[in-house]
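Open the model in your viewer and keep the selection panel at hand. We will go stop by stop.

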2 protein chains.
Amino acid sequence: MAATIKDIARVAGVSTATVSRVINNLGGYNEETEKKVMAVAKALGYRKNENARSLVQKSTNTIGVIMPDVTTAFYGDIIKGIEDTSYEHGYSVILTHAGSHGSRIHESMNLMGERRVDGLIIVSVELHETAIEALTSLGIPFILLSTKTNREDTPYIKVDDYSAAYTAVKYLIDNNHRSIGMAGANPDDSIAGSPRINGYTQALLDHGIKVDLNLIKPGGFSFESGKTAMQAFIEDEASITAVFCASDEVALGIMSTCFENEISVPNDISVVGYDNSKVSHMSIPPLTTVAQPLYEMGREGCLEVIAAIQNKCKIESKVIPHELVVRKSVKKLT
Amino acid sequence: MAATIKDIARVAGVSTATVSRVINNLGGYNEETEKKVMAVAKALGYRKNENARSLVQKSTNTIGVIMPDVTTAFYGDIIKGIEDTSYEHGYSVILTHAGSHGSRIHESMNLMGERRVDGLIIVSVELHETAIEALTSLGIPFILLSTKTNREDTPYIKVDDYSAAYTAVKYLIDNNHRSIGMAGANPDDSIAGSPRINGYTQALLDHGIKVDLNLIKPGGFSFESGKTAMQAFIEDEASITAVFCASDEVALGIMSTCFENEISVPNDISVVGYDNSKVSHMSIPPLTTVAQPLYEMGREGCLEVIAAIQNKCKIESKVIPHELVVRKSVKKLT
DNA sequence: ATGCGTAACGTAAACGTTTACGTAATACTC
DNA sequence: GAGTATTACGTAAACGTTTACGTTACGCAT
């Protein structure tokens with residue numbers, strides 16, 4: 001159906017080699033043939049076949065992205081960072097979900113392998129030993145974004161969750177809060193869960209505040225998780241004046257339940273989130289949150305794997321600085 | 001580097017044809033050879049090369065998705081719908097942005113063509129004549145989501161923006177609002193802009209309410225657009241009691257500026273949004289909005305193009321029903 | 001006249017599959 | 001025991017490119 005370089009060659013009366021040369025303008029032909037070939041190509045509506053090209057070149061100019069679930073604002077920014085920079089460098093991105101708890105991770109990686117992506121970016125998925133094996137066995141550059149493993153040979157870009165949580169909670173303490181809850185972190189999540197909990201508890205301890213385990217409401221990073229956490233606080237009649245949330249969406253859930261129960265944020269209770277995703281400045285009140293530079297993480301990670309693809313160099317792990325973005329959801333107590 | 005079927009064939013002492021047969025289990029071999037081949041494949045860490053496969057089969061099992069900007073919650077739901085169903089049917093999705101105003105649309109389509117995607121889904125991009133030409137010239141099934149063209153041969157799935165806007169505004173009128181603003185629609189956008197404005201004005205006219213052009217604040221679908229619209233209303237000292245927004249994010253922008261100016265939603269002013277994206281139930285107060293079934297649109301559109309790919313049938317355009325989701329951002333006036 | 005360099009191509013193999021077709025051996029039919 | 005199916009393969013072409021290598025023709029120096 002579609003025209004091939006053979007068709008062009010036949011019509012233009014040259015060889016396929018020459019056609020290939022002018023199309024990729026490699027030189028080695030005179031102006032006349034160039035014009036003729038180009039004209040024929042246009043006339044035939046030629047469009048090069050990247051797959052055939054990939055076959056012989058052993059590289060697909062494609063980078064794969066695996067994320068658990070694309071529905072949250074969190075991933076939107078990251079993927080935009082990835083897609084923008086891969087586009088700039090002539091790479092296409094092929095995307096797949098790893099399922100909500102990474103349930104599809106093996107199929108995903110297999111798919112990426114069969115598609116022969118040149119590099120791989122994995123976002124926020126917790127990888128277990130077998131997954132890591134499968135990943136490294138692909139033999140292509142990869143990087144983890146906003147996650148890591150306990151092995152040294154898996155490069156990642158992320159913030160230091162422990163100290164990010166620490167600064168968030170310290171900020172609350174500096175605002176004279178003493179009874180601070182925590183919501184939305186899963187203690188079994190050794191990457192993004194327990195470090196944040198540990199940062200939270202350590203900040204309390206360092207400032208002479210006893211840790212009350214009842215004030216830690218575990219859960220996922222979702223809006224609903226925040227809602228149920230706040231409901232639990234209310235049922236407990238907990239006397240908290242602030243809550244630190246493991247994600248912005250959790251914070252919105254907290255604030256939403258507060259609203260339903262006529263608890264004012266930040267007058268009755270202060271809230272700080274985590275991520276600085278797009279929703280954080282759209283909330284009412286605007287959310288004070290600790291920022292992960294999501295777009296930049298996507299961009300940076302993408303640049304790293306492209307560099308690794310092209311120069312065959314190792315990718316270094318990188319801990320990027322977090323930053324507290326102060327908005328209006330925290331009240332200074334007197 | 002990576003093992004091929006030739007390697008397997010050599011080691012297992014059979015032909016590549018046989019290897020191919022057992023790998024795709026097509027039958028035509030006995031159990032022993034099957035086991036041997038499988039064992040060798042495993043031992044060599046064989047992974048099939050989808051690109052080579054695509055070359056001879058003239059189909060890539062890939063569907064392309066083009067969207068203007070993936071950063072808003074709106075697209076998150078749609079793309080999840082697409083990815084889920086394409087995965088279920090054994091297709092991969094390759095994603096690209098068309099730039100903020102479709103500026104990259106030609107490059108995007110070209111890329112999809114060169115990758116030989118089997119089908120194409122275009123989300124929310126307004127297509128002009130040359131783009132439509134380029135699109136149809138690809139010769140593959142495609143569908144537009146949440147957008148359309150003025151030509152009949154470009155199938156789409158979308159809600160009826162005119163009547164969706166109409167019902168939203170009628171709902172406000174039924175709640176005794178008479179002075180109703182509109183924000184965030186671009187009148188030059190003939191797909192999602194002017195129809196919503198027309199629905200808005202017609203609803204007013206049908207209920208004997210004069211249309212005041214000063215109450216229509218044009219803009220984009222963004223949060224910022226909502227904020228500036230509300231600021232304009234305030235500067236105008238407009239006596240509106242409600243505002244209909246062209247998107248949920250615009251509505252959040254309106255509510256945000258209201259909050260800053262101590263205008264209470266819904267007590268002082270009622271707000272209704274558009275999309276029913278994830279943010280709409282996370283807002284304070286929860287947003288009454290007219291729902292586009294985003295996830296289902298993604299799923300449905302994906303199913304259509306897969307059906308078209310496999311059965312070579314035409315895709316029919318489909319106007320799907322909208323629905324008013326009543327939450328807490330509208331107050332009934334007495 | 002010889003040699004050499006170079007520009008402008010063409011030839012053909014290679015990439016990793018699939019698949020139409022051929023073939024040998026065995027089983028079955030009557 | 002001749003003919004016919006069937007099973008279980010192998011052969012080789014094809015998919016659309018790229019590219020190493022060969023070839024021609026010409027220009028130019030000696």
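A residue counts as near a DNA strand if one of its heavy atoms lies within 4 Å of that strand. Keep that cut-off in mind for the DNA stops. This is a predicted model.

**Stop 1: DNA strand D**

Select DNA strand D and the protein residues around it. You should find 27 residues, the closest being A:Ser20, A:Tyr46, B:Ser15, B:Thr18 and B:Thr33. Of the strand D atoms that come within 4 Å of the protein, 66% are from sugar and phosphate.

Now pick out single contacts. Show the side chain of A:Tyr46: one of its N or O atoms is 2.8 Å from a phosphate oxygen of DNA strand D. Add A:Arg53, where a polar side-chain atom also sits 2.8 Å from a phosphate oxygen of strand D. Then go to B:Ser15. Here the backbone takes part, with an N or O atom 2.7 Å from a phosphate oxygen of strand D.

Which elements give two or more residues to this surface? In chain A they are α1 (5-12), α2 and α4; in chain B they are α2 and α4. Colour α2(B) separately, as it brings the largest share, four residues. Coloured by class, the surface near strand D shows 10 nonpolar, 11 polar and six charged residues.

**Stop 2: DNA strand C**

Switch to DNA strand C. Its surroundings hold 28 residues, and the closest are A:Ser15, A:Thr18, A:Thr33, B:Ser20 and B:Tyr46. Sugar or phosphate supplies 67% of the strand C atoms within 4 Å of the protein, and bases supply the rest.

Zoom in on A:Asn30. A backbone N or O atom of this residue lies 2.8 Å from a phosphate oxygen of strand C. Cross to chain B and show B:Tyr46, whose side chain has an N or O atom 2.8 Å from a phosphate oxygen of strand C. Do likewise for B:Arg53: a side-chain N or O atom is 2.8 Å from a phosphate oxygen of strand C.

Next, colour the helices. Chain A gives at least two residues from each of α2 (16-23) and α4 (50-57), and chain B does so from each of α1 (5-12), α2 (16-23) and α4 (50-57). By class, the surface near strand C has 10 nonpolar, 12 polar and six charged residues.

**Stop 3: the two protein chains**

Hide the DNA and superpose chain B on chain A. A turn of 180° with a shift of 0.1 Å along the axis does it, at an RMSD of 0.1 Å. This is how a two-fold axis relates two copies. To find the axis from chain B, select B:Ile94: its C-alpha is the nearest in that chain, 2.1 Å away.

Then select the interface. Of the interface residues in chain B, 98% are interface residues in chain A too, so the copies meet through the same surface.

**Stop 4: B:Val325**

Select B:Val325, in strand β12 (residues 323-325) of chain B. Is this residue buried or exposed? B:Val325 is buried, because its relative accessible area is 19% and the cut-off for buried is under 20%. Beyond its neighbours within four places in sequence, B:Val325 contacts B:Asn276, B:Leu287, B:Thr288, B:Thr289 and B:Ala291. For a distance check, pick B:Gly184, 141 residues away along the chain: the two C-alpha atoms are 19 Å apart.

**Last stop: confidence**

Colour chain A by pLDDT. The average is 92, and 98% of the residues score at least 70. Among the elements of chain A, helix α5 (residues 73-88) has the lowest mean, 87, and strand β8 (residues 242-245) the highest, 97.

Key:
Residues numbered from 1 in each chain as written. Chains lettered and ligands numbered in written order. Predicted model: local features only at pLDDT ≥ 70, side-chain atom pairs only at ≥ 80, totals over all residues. Heavy atoms only, no water. pLDDT = per-residue confidence, 0-100. Least-squares fit on C-alpha atoms with pLDDT ≥ 70 in both. Contact = heavy atoms within 4.5 Å. Polar contact = N/O pair within 3.5 Å; in protein donor to acceptor, adjacent residues only side chain to side chain. Nonpolar A, V, L, I, M, F, W, Y, C, P; charged D, E, K, R; others polar. Buried < 20%, exposed > 50% of the residue type's maximum accessible area, 1.4 Å probe, protein only.
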